[in-house]
Amino acid sequence: MTSVSTDAATPAPSRTDARPPIPLVRPTVEPDSALLARMDDVLRSGMLTNGVWVRRFEEAVAEYLGVRHVVAVSNCTAGLMLVLRSIGRAKDVVVPGFTFMATGHVGAWNAQHLHFADSDPHTWTLDPAACAKAASAADAVVGMHTFGAPCDVDALQRAAGARVPVVLDAAHGFGSRYPDGTMVGGKGLAEVFSLSPTKPLSAGEGGLVTTGDDNLAQELRTGRDYGNPGDYDARFVGLNARMPELSALVGLSALERFPHWLERRMTLVQRYRRHLADLPGLTFQDIPEGAGSSYKDLGVQVEPEAFGTDRAGVARVLSAEGISSRFYFDPPLHRQTAYRSETAPPTLPVTDRLAARMITLPLYSHMPEQDVDRVCDAVRRAHVDGSAHAA
């Protein structure tokens, strides 16, 4: 989770900074007496699953997001698998190339045919124009809120056509807002969130599926328990995808504090942007006007010629000072070993460019401001050193 990515041919230098290391991400958790007492009650009760706290967590999230249904699951991947299962096997599904591997895996596990589409060069989310080309014979489109920036769901739906459901991989998106002011979670057939330790809202592990479709919600609740509605006569092949009661307690406690930590996260991002805004060749993600990102990750593109060095050079300087970074998403999904075939990978020029130039900088909600400044100083030093060597 906190490892530094560098080019395989270029070993990371020995660390020269004596200050404490700065991880890429760290979960923001605040255990208190009330939470610990509730956990003790659950442990003593013996009801570690299918108890009251998962339902209470679902209800609290539904109220916070303003959505009709919330179905808690063991993780985001399982939630996406169950949603795509409802669409059917041997279907054609459009997915972005610039995404985490799970976005594609869920389709593959459902024996669906994946069609990779390119991303918008500014927002880094699935490009509706590219989607329109790939979706001519599609049965579903899976968009992703990349790093928390909401994708243009309405444009994706128009590109896909009225008959084609749009599913949102919202793993990064809890707390994000669409340009119309609504919270991410209320669009498409369903949106699926992750609550893993790297996310702004974490339950340790877990996922949440939001939907306005009553039938799908019921299907998901049955599907997360093996497809068993309670009489041990499975209606379909489901999963063991239940969220444990203890995870629900952690998530509910975190949700109570989430608005404060999200605001704090925005302050840190603004500090990053302000301190690095004048550096040439360093590009931040565009957030659509009126929208809000959760900034699950803070990614920047490094243009080597303008910046003075490439992203590997930036990573080496960061590593030497005990600062973690990562190259997301490289290789992109359509070039990963699991998705190679006898045919050449599709041509996705924006995706390939993003994957080759993207580096994510440390960000977590309780990150000290002085650590942001330290990261920015290191990035600036990489630019100065690189420019000097280039000259």
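**Burial, pockets and confidence in a predicted model**

Me: What makes helix α3 (residues 76-85) count as mostly covered?

Reply: In this predicted model, eight of the ten residues of α3 are buried. Buried stands for under 20% relative accessible area, so the eight residues fall below that cut-off. They are C76, A78, G79, L80, M81, L82, V83 and L84.

Me: Why is N75 called a cap of α3, and at which end?

Reply: A side-chain oxygen of N75 lies 3.2 Å from the backbone nitrogen of T77. The limit for a polar contact is 3.5 Å, so the pair at 3.2 Å qualifies. N75 caps the N-terminal end of α3.

Me: Where else does α3 appear, and what does α3 give there?

Reply: α3 supplies three residues to the lining of the second largest pocket, the largest share. Both α3 and α4 (101-109) supply at least two residues of that lining. The pocket holds about 310 Å³ of space. Of its 19 lining residues, F100, A171, S194, S196 and K199 are the closest to the centre. By class, the lining has eight nonpolar, seven polar and four charged residues.

Me: How do you know which element gives the most to the lining of the largest pocket?

Reply: α2 does, with five residues. The largest pocket has about 370 Å³ of space and a lining of 18 residues, with N50, R55, E58, R221 and R224 nearest its centre. The elements that give two or more residues to this lining are α2 (52-65) and α7 (214-223).

Me: What makes R55 and E58 count as charged, and how does the whole lining of the largest pocket divide?

Reply: Arg and Glu belong to the charged class, so R55 and E58, both among the residues nearest the centre, are counted there. The whole lining divides into five nonpolar, six polar and seven charged residues.

Me: Why is the other kind of space called a cavity, and how many are there of 30 Å³ or more?

Reply: A cavity is space where a 1.4 Å probe fits but cannot get out, whereas a pocket is open. Two cavities of 30 Å³ or more are found. The largest has a volume of about 40 Å³, and the second largest about 30 Å³.

Me: Which residues line these cavities?

Reply: The lining of the largest cavity consists of V25, R26, P27, T28, P197, T198, K199, P200, R265, Y364 and S365. By class, five are nonpolar, three polar and three charged. For the second largest cavity, the lining is L24, V25, K296, D297, L298, L361 and L363. Here the classes come to five nonpolar, no polar and two charged.

Me: Why is L48 called partly exposed?

Reply: Its relative accessibility is 40%. Partly exposed covers values between the 20% and 50% cut-offs, so L48 belongs in that class. L48 sits in the loop between α1 (33-45) and α2.

Me: What does L48 touch?

Reply: Setting aside neighbours within four places in sequence, L48 is in contact with V42, L43, P244 and E245. The C-alpha atoms of L48 and L246 are separated by 7.0 Å, although the two residues are 198 apart along the chain.

Me: How do you know what confidence the predictor has in this model, and where is the pLDDT below 50?

Reply: The average pLDDT is 93, with 94% of the residues scoring at least 70. Over residues 1-12 the pLDDT is below 50, and this stretch has 29 contacts in the model beyond near neighbours in sequence. The scale runs from 0 to 100 and expresses the predictor's confidence in each residue.

Technical notes. Residues numbered from 1 in each chain as written. Predicted model: local features only at pLDDT ≥ 70, side-chain atom pairs only at ≥ 80, totals over all residues. Heavy atoms only, no water. 1 Å grid on protein atoms, 1.4 Å probe; cavity = no way out; pocket = protein on both sides within 12 Å on 5 of 7 lines; lining within 4 Å. Points joined across faces, edges and corners; volume = space filled by probe spheres on them. Buried < 20%, exposed > 50% of the residue type's maximum accessible area, 1.4 Å probe, protein only. Helix = DSSP H or I, 4+ residues; strand = E, 2+ residues; numbered from the N terminus. Polar contact = N/O pair within 3.5 Å; in protein donor to acceptor, adjacent residues only side chain to side chain. Contact = heavy atoms within 4.5 Å.
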